[in-house]
Amino acid sequence: VQLQASGGGLVQAGSSRRVVCTGSGRTYSYYAMGWFRQAPGKEREFVATINWSGSVTYYADSVKGRFTISRDNAANTVYLQMNSLKPEDTAVYYCAANNNVARLKYAADYWGQGTQVTVSS
């Protein structure tokens with residue numbers, strides 16, 4: 001599975017942004033997908049995961065209620081809709097995949113390149 005993230009940019013605090021991850025490979029739709037982020041000087045952290053069908057999702061406490069993960073298997077795409085953005089959400093956002101939605105919170109088998117999201121105050 002190959003993953004390509006896009007959609008980052010510079011936004012103001014309180015606004016919204018959607019980042020997108022497009023996957024390739026004929027088994028893409030069977031994988032759990034997720035988003036992680038890494039802020040300058042910090043370790044990469046889990047943000048959200050979604051199972052292959054979209055029926056199960058997990059969120060980090062820091063984004064719960066503000067971010068929504070979704071997927072479109074027909075388009076090999078997973079989305080992260082980010083609302084009410086805060087300066088502390090500034091980070092490089094990475095998409096990832098593995099075969100278990102719960103395990104994906106801690107480890108991924110496949111990683112995409114990151115996309116920078118910067119939230120100005």
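This report describes one strand and its partners, and then the salt bridges, in a predicted model.

**Strand β11**

Strand β11 covers residues 115-120. In a regular strand the side chains alternate between the two faces of the sheet. The residues of β11 divide in this manner: Thr115, Val117 and Val119 belong to the covered face, while Gln116, Thr118 and Ser120 belong to the uncovered face.

Two pairings of β11 can be described. With strand β2, residues 9-12, the pairing is parallel and has four bridges. Within this pairing, Gln12 has Ser120 of β11 as its bridge partner. With strand β9, residues 91-98, the pairing is antiparallel and has three bridges. Here Ala91 stands opposite Val117, and Val117 is one of the residues on the covered face of β11.

**Salt bridges**

Side chains of opposite charge can pair when their charged atoms come close. The whole structure holds five salt bridges. The table gives three of these pairs, including the distance between nitrogen and oxygen.

| Pair | N to O distance |
|---|---|
| Arg37 and Glu45 | 2.7 Å |
| Arg37 and Asp89 | 2.9 Å |
| Arg103 and Asp109 | 3.4 Å |

Arg37 appears in a salt bridge with Glu45 and in another with Asp89. How exposed or buried are these residues? Arg37 has a relative accessibility of 5%, so this residue counts as buried, the cut-off being under 20%. Asp89 is buried as well. Glu45, with a relative accessible area of 35%, is partly exposed. The salt bridge between Glu45 and Arg37 therefore joins a partly exposed residue to a buried one.

Where do Arg37 and Asp89 lie in the chain? Arg37 is in strand β4, residues 32-38, and Asp89 is in the loop between β8, residues 77-82, and β9. The two residues belong to parts that are 52 residues apart in sequence, so their salt bridge ties those parts together. The strand that follows this loop, β9, is the one that runs antiparallel to β11.

The salt bridge between Arg103 and Asp109 has two partly exposed partners: Arg103 has a relative accessibility of 33%, and Asp109 has one of 44%. Elsewhere, salt bridges with shared partners link Arg37, Glu45, Arg66 and Asp89 into one network. Arg37 and Asp89, both buried, are among the members of this network.

Terms used. Residues are numbered from 1 along each chain as its sequence is written. This is a predicted model: local features need pLDDT of at least 70, side-chain atom pairs count only at pLDDT 80 or more; totals for chains, interfaces and linings use all residues. Side-chain values use heavy atoms; hydrogens and water are left out. Buried means under 20% relative accessible area, exposed over 50%, partly exposed in between (1.4 Å probe, protein chains only). Two strands pair if DSSP finds at least two bridges between them. A salt bridge is a side-chain nitrogen of Lys or Arg within 4 Å of a carboxyl oxygen of Asp or Glu.
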